[in-house]
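Biologist: Could you take me through one part of this model slowly, as if I were meeting it for the first time? I would like to look closely at one hairpin and then at what surrounds it.

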Amino acid sequence: MLKTLQSVSQNFCYTYKFELLSPFTALGSSGSLILKGMTKDNRGVIYSNFKRKVSFVLKDNYIVIGEEKFNPFNFSFQDRIINKLSYYEREALCVTQRNKVKVKVIEGKNVLPFLSEDIKNELSLTLFNYFKKEIGFTLDKPIMIYKVILSKSKVYLQFLSNWSFWYVDMEEFGKRNYSLIPLIRLSKEIKETLNK
């Protein structure tokens, strides 16, 4: 259950809570997902706040979920558990304040993997002109665009720099400075392209 929470926490800026209530019961949360896991003998069950559960059995040194067998040491079963437990599209907007990450959960989707290279390049160039630092999509850049979140009516940019998170509404941020005006057009372009 802990590995499942750690995997889900990627959507929520790597924040999660986990506590053992007894040797056989654990409670954990990450963003909007709350999990409760219980084991007895060689059986276990994990419940989520989305009224779903996953039952599993430890059999012949394998984790068995339904008809599927998983080796417990390669953690490939996590994706199966996550898919069964969570089905809402939720994302986190994160801000680091006083070395703590504050998470605001919204309905939306990270669309960064679906953006064209042209949009990514224009985003990087526009933000470089404002921040005067290299902006990229990998951790080796001084400022990383960690996510581009498309919600119902807004597009947010989630940034990460030196393990500090912050986010902006693209259109509102575009109104701050004349060098950021292209963000308004890019926001509309992202909404039109990905809401089809």
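Modeller: Strands S2 and S3 form a hairpin with two residues between them, and Gly 31 in the turn has a positive phi of about 60°. Please keep in mind that this is a predicted model, where local features need pLDDT of at least 70, side-chain atom pairs count only at pLDDT 80 or more, and totals for chains, interfaces and linings use all residues. Residues are numbered from 1 along each chain as its sequence is written, and side-chain values use heavy atoms, with hydrogens and water left out.

A word on the labels: helices (H or I, at least four residues) and strands (E, at least two) are DSSP runs, numbered from the N terminus. Two strands pair if DSSP finds at least two bridges between them. S2 covers residues 25-30, and S3 covers residues 33-40. They run antiparallel, joined by six bridges. To find one of the matches, start at Gly 28, whose bridge partner in S3 is Leu 35.

Now look at the other partner of S2. Strand S1 (17-22) pairs with S2 over five bridges, again in the antiparallel sense. These two strands also form a hairpin, with two residues between them. Here you can look for Leu 20, which stands opposite Ala 26 in S2.

Let us stop at Ser 30, which belongs to S2. Is Ser 30 buried or exposed? Ser 30 is buried, because its relative accessible area is 1% and buried means under 20%, exposed over 50% and partly exposed in between (1.4 Å probe, protein chains only). Its side chain reaches the backbone oxygen of Thr 15 at 2.8 Å. That distance fits a polar contact, a pair of N or O atoms within 3.5 Å; within protein, one must be able to donate a hydrogen and the other to accept it, and residues adjacent in sequence count only if both atoms are side-chain atoms. Which residues is Ser 30 in contact with, leaving aside its neighbours within four places in sequence? They are Leu 5, Val 8, Ser 9, Phe 12, Thr 15 and Tyr 16, where contact means heavy atoms within 4.5 Å.

From there, move back to the loop between H1 and S1, where you will find Cys 13. Cys 13 has a positive phi of about 55° although it is not a glycine. Cys 13 counts as buried, since its relative accessibility is 2%.

Helix H1 itself spans residues 2-8, and Leu 2 is part of it. Leu 2 counts as partly exposed because its relative accessible area is 34%. Leu 2 also joins Tyr 16, Phe 18 and Leu 20 in a nonpolar patch on the surface, with about 360 Å² of accessible area together. Such areas come from the Shrake-Rupley method with a 1.4 Å probe, and for residues only the protein chains shown count as cover. Patches are made of residues with over 30% relative accessible area and no salt bridge; like charges are joined within 9 Å, and nonpolar side chains (Val, Leu, Ile, Met, Phe, Trp, Tyr) within 5 Å. A salt bridge, in turn, is a side-chain nitrogen of Lys or Arg within 4 Å of a carboxyl oxygen of Asp or Glu.

Another hairpin joins S12 to S13 through four residues. How many residues of S12 (residues 143-150) are buried? Eight of its eight residues are. S12 and S13 (residues 155-161) run antiparallel over six bridges, and Ile 145 has Phe 159 in S13 as its bridge partner. S12 also pairs with S11 (residues 135-136) in the parallel sense over two bridges, with Ile 135 matched to Ile 143 in S12. Two bridges join S10 (residues 109-110) to S12, and these strands run antiparallel; Asn 110 has Ile 149 in S12 as its partner.

Finally, step back to the whole protein. There are five helices and 14 strands, and the C-alpha trace spans about 65 × 40 × 30 Å along its principal axes. Of its 196 residues, 41% count as buried. The protein exposes about 12,000 Å², and carbon and sulfur atoms supply 50% of it.
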